[in-house]
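User: I would like to go through this structure term by term. For each label, tell me what earns it.

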Amino acid sequence: MLAHLSRVVLMVRSGEGLAKALEFYTAGLGLQAVRVTDEWADLRTTTPTSTTTNNPSEQQQQQQQSLSICLRAVTSEAQVTTGYSPLLQFQVENMDDVIAKCVQLGGNLDGPIQYPAHGKIAALRSPDGHMIGIYEAASLD
(Lines give C-alpha, C1' and ligand atoms only; values in the text may rest on other atoms or scores of the structure.)
Protein backbone atom coordinates (compact mmCIF):
# COMPACT_ATOMS: atom_id res chain seq x y z
CA MET A 1 0.00 0.00 0.00
CA LEU A 2 1.39 3.40 -0.99
CA ALA A 3 1.29 6.33 1.38
CA HIS A 4 -0.65 9.43 0.33
CA LEU A 5 0.87 12.80 1.21
CA SER A 6 -2.05 14.76 2.59
CA ARG A 7 -0.52 17.55 4.69
CA VAL A 8 2.62 19.67 4.90
CA VAL A 9 3.19 21.65 8.11
CA LEU A 10 5.31 24.79 7.91
CA MET A 11 6.52 26.41 11.12
CA VAL A 12 6.28 30.21 11.23
CA ARG A 13 7.09 32.77 13.91
CA SER A 14 4.32 33.56 16.40
CA GLY A 15 2.59 36.92 16.30
CA GLU A 16 2.65 38.73 12.97
CA GLY A 17 4.52 35.82 11.35
CA LEU A 18 1.37 33.76 10.98
CA ALA A 19 -0.67 36.67 9.60
CA LYS A 20 2.03 37.58 7.05
CA ALA A 21 2.48 33.96 5.99
CA LEU A 22 -1.29 33.52 5.65
CA GLU A 23 -1.55 36.60 3.42
CA PHE A 24 1.41 35.45 1.31
CA TYR A 25 0.03 31.97 0.64
CA THR A 26 -3.59 33.08 0.06
CA ALA A 27 -3.21 36.43 -1.76
CA GLY A 28 0.09 35.62 -3.47
CA LEU A 29 -0.34 31.97 -4.41
CA GLY A 30 -4.13 31.72 -4.34
CA LEU A 31 -4.41 28.96 -1.73
CA GLN A 32 -7.74 28.68 0.08
CA ALA A 33 -7.81 29.25 3.86
CA VAL A 34 -10.05 26.55 5.32
CA ARG A 35 -9.50 27.15 9.05
CA VAL A 36 -7.56 29.88 10.85
CA THR A 37 -6.84 30.32 14.57
CA ASP A 38 -4.28 32.42 16.48
CA GLU A 39 -1.75 29.57 16.25
CA TRP A 40 -2.72 27.58 13.14
CA ALA A 41 -3.88 28.06 9.56
CA ASP A 42 -5.08 25.22 7.36
CA LEU A 43 -4.74 26.01 3.65
CA ARG A 44 -5.80 23.90 0.67
CA THR A 45 -4.39 23.60 -2.80
CA THR A 46 -6.60 22.59 -5.67
CA THR A 47 -6.04 19.92 -8.26
CA PRO A 48 -5.09 21.38 -11.67
CA THR A 49 -8.37 20.20 -13.23
CA SER A 50 -10.68 20.98 -10.29
CA THR A 51 -13.85 22.92 -10.89
CA THR A 52 -16.40 24.28 -8.48
CA THR A 53 -19.28 21.88 -7.94
CA ASN A 54 -22.39 21.78 -5.76
CA ASN A 55 -22.41 17.98 -5.62
CA PRO A 56 -21.32 16.94 -2.07
CA SER A 57 -19.68 13.69 -3.20
CA GLU A 58 -17.66 15.52 -5.88
CA GLN A 59 -16.67 18.18 -3.31
CA GLN A 60 -15.44 15.46 -0.95
CA GLN A 61 -13.45 13.80 -3.75
CA GLN A 62 -11.84 17.14 -4.72
CA GLN A 63 -10.96 17.81 -1.07
CA GLN A 64 -9.29 14.39 -0.81
CA GLN A 65 -7.21 15.16 -3.91
CA SER A 66 -6.07 18.53 -2.59
CA LEU A 67 -3.04 18.96 -0.39
CA SER A 68 -3.33 20.64 2.99
CA ILE A 69 -0.57 23.11 3.85
CA CYS A 70 -0.72 24.03 7.51
CA LEU A 71 0.99 27.06 9.01
CA ARG A 72 1.83 26.60 12.69
CA ALA A 73 2.93 29.52 14.86
CA VAL A 74 5.88 28.63 17.12
CA THR A 75 8.11 30.60 19.47
CA SER A 76 11.32 28.53 19.37
CA GLU A 77 13.97 29.85 16.97
CA ALA A 78 15.10 26.29 16.27
CA GLN A 79 11.65 25.43 14.92
CA VAL A 80 11.65 28.23 12.34
CA THR A 81 15.21 27.88 11.06
CA THR A 82 14.83 27.23 7.34
CA GLY A 83 17.13 26.55 4.44
CA TYR A 84 16.27 25.07 1.08
CA SER A 85 14.18 22.27 2.56
CA PRO A 86 11.32 21.72 2.28
CA LEU A 87 10.89 23.14 -1.20
CA LEU A 88 7.24 23.49 -2.16
CA GLN A 89 6.55 23.52 -5.90
CA PHE A 90 3.44 25.27 -7.23
CA GLN A 91 2.23 25.15 -10.82
CA VAL A 92 0.59 28.41 -11.91
CA GLU A 93 -1.09 29.70 -15.05
CA ASN A 94 0.61 33.13 -15.16
CA MET A 95 4.02 33.30 -13.51
CA ASP A 96 4.47 37.03 -14.07
CA ASP A 97 1.30 37.87 -12.12
CA VAL A 98 2.08 35.41 -9.31
CA ILE A 99 5.69 36.58 -8.92
CA ALA A 100 4.56 40.24 -8.82
CA LYS A 101 1.95 39.50 -6.13
CA CYS A 102 4.37 37.41 -4.06
CA VAL A 103 7.13 40.06 -4.18
CA GLN A 104 4.62 42.74 -3.11
CA LEU A 105 3.72 40.49 -0.16
CA GLY A 106 7.33 40.13 0.99
CA GLY A 107 8.66 37.25 -1.12
CA ASN A 108 12.14 37.45 -2.68
CA LEU A 109 13.30 35.84 -5.90
CA ASP A 110 16.22 33.50 -5.29
CA GLY A 111 17.99 33.99 -8.61
CA PRO A 112 16.60 34.76 -12.05
CA ILE A 113 13.55 33.16 -13.64
CA GLN A 114 14.68 30.24 -15.82
CA TYR A 115 13.20 29.55 -19.26
CA PRO A 116 13.74 25.88 -20.20
CA ALA A 117 11.87 24.44 -23.20
CA HIS A 118 9.07 23.02 -21.04
CA GLY A 119 8.12 26.33 -19.38
CA LYS A 120 9.23 28.88 -16.79
CA ILE A 121 10.74 28.11 -13.38
CA ALA A 122 11.42 30.46 -10.48
CA ALA A 123 12.64 30.01 -6.93
CA LEU A 124 11.15 32.35 -4.36
CA ARG A 125 11.76 32.69 -0.63
CA SER A 126 8.53 33.39 1.24
CA PRO A 127 8.42 36.03 4.01
CA ASP A 128 8.53 33.20 6.57
CA GLY A 129 11.77 31.90 5.02
CA HIS A 130 10.51 28.82 3.14
CA MET A 131 11.63 28.14 -0.43
CA ILE A 132 8.85 28.08 -2.98
CA GLY A 133 9.22 26.80 -6.53
CA ILE A 134 6.95 28.40 -9.12
CA TYR A 135 6.39 26.60 -12.44
CA GLU A 136 4.45 27.67 -15.51
CA ALA A 137 4.17 25.07 -18.25
CA ALA A 138 4.96 26.13 -21.80
CA SER A 139 1.92 26.63 -23.98
CA LEU A 140 1.40 24.06 -26.70
CA ASP A 141 0.67 26.72 -29.35
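The exchange below sets values against definitions.

User: What kind of model is this, and how are residues numbered?

Analyst: It is a predicted model: local features need pLDDT of at least 70, side-chain atom pairs count only at pLDDT 80 or more, and totals for chains, interfaces and linings use all residues. Residues are numbered from 1 along each chain as its sequence is written, and side-chain values use heavy atoms, with hydrogens and water left out.

User: How many helices and strands are there, and what makes a run count as one?

Analyst: The protein chain has four helices and eight strands. Helices are DSSP runs of H or I with at least four residues, strands are runs of E with at least two, and both are numbered from the N terminus. From that end the order is β-α-β-β-α-β-α-β-α-β-β-β.

User: What makes β1 and β4 a pair?

Analyst: Two strands pair if DSSP finds at least two bridges between them. β1 and β4 (residues 68-74) have seven bridges, in the parallel sense. Valine 12 stands opposite alanine 73 in β4. Arginine 13 has valine 74 of β4 as its bridge partner.

User: Why are β1 and β2 called edge strands?

Analyst: The open sheet of four strands has the order β1-β4-β3-β2, with mixed pairing. β1 (7-13) and β2 (32-36) each have a single partner strand, so one side of each lacks a neighbour in the sheet. Neighbouring strands here are turned by 25° against each other on average, direction ignored. Axes are lines fitted to C-alpha atoms, for helices over the stretch in contact, and angles run from 0 to 180 degrees between N-to-C directions.

User: Which side chains of β1 are buried, and which are not?

Analyst: Val8, Leu10 and Val12 point to one face and are buried. Arg7, Val9, Met11 and Arg13 point to the other and are not. Buried means under 20% relative accessible area, exposed over 50%, and partly exposed in between (1.4 Å probe, protein chains only). In a regular strand the side chains alternate between the two faces of the sheet.

User: Which strands stand at the edges of the sheet with the order β5-β8-β7-β6?

Analyst: This is an open sheet of four strands with mixed pairing. β5 (87-91) and β6 (108-109) stand at its edges, because each has a single partner strand. β5 and β8 (residues 131-137) pair in the parallel sense over five bridges. β7 and β8 pair in the antiparallel sense over seven bridges. Glycine 133 in β8 stands opposite glutamine 89 and also opposite alanine 123. β7 and β8 form a hairpin with five residues between them. Glycine 129 in its turn has a positive phi of about 95°.

User: What makes β8 mostly covered?

Analyst: Six of its seven residues are buried. Helix α4 (residues 95-104) lies across β6, β7 (119-125) and β8, at about 10° to β7.

User: Why is the aromatic pair called edge-to-face?

Analyst: The structure holds one such pair. Its members are phenylalanine 24 and tyrosine 25, with ring centres 5.2 Å apart and planes at 90°, so it is edge-to-face. Rings of Phe, Tyr and Trp (its six-membered ring) pair if their centres lie within 6.5 Å; planes under 30 degrees apart count as stacked, over 60 as edge-to-face and the rest as tilted. Phenylalanine 24 and tyrosine 25 are both buried.

User: How do you know that aspartate 42 is buried?

Analyst: Its relative accessible area is 0%, so aspartate 42 is buried. The residue lies in β3 (residues 40-44).

User: What makes the link between aspartate 42 and serine 68 a polar contact?

Analyst: Their side chains are joined at 2.5 Å. A polar contact is a pair of N or O atoms within 3.5 Å; within protein, one must be able to donate a hydrogen and the other to accept it, and residues adjacent in sequence count only if both atoms are side-chain atoms.

User: What makes a nonpolar core, and how many residues has the largest one?

Analyst: A nonpolar core is a set of buried Ala, Val, Leu, Ile, Met, Phe, Trp, Tyr and Cys residues joined through side-chain atoms within 4.5 Å. The largest has 26 residues. Those with the most contacts inside it are Tyr25, Leu29, Leu71, Phe90, Ile132 and Ile134. The largest share, five residues, comes from α1.

User: Which residues is isoleucine 132 in contact with?

Analyst: Contact means heavy atoms within 4.5 Å. Leaving aside neighbours within four places in sequence, the partners of isoleucine 132 include Phe24, Tyr25, Leu29, Phe90 and Leu124.
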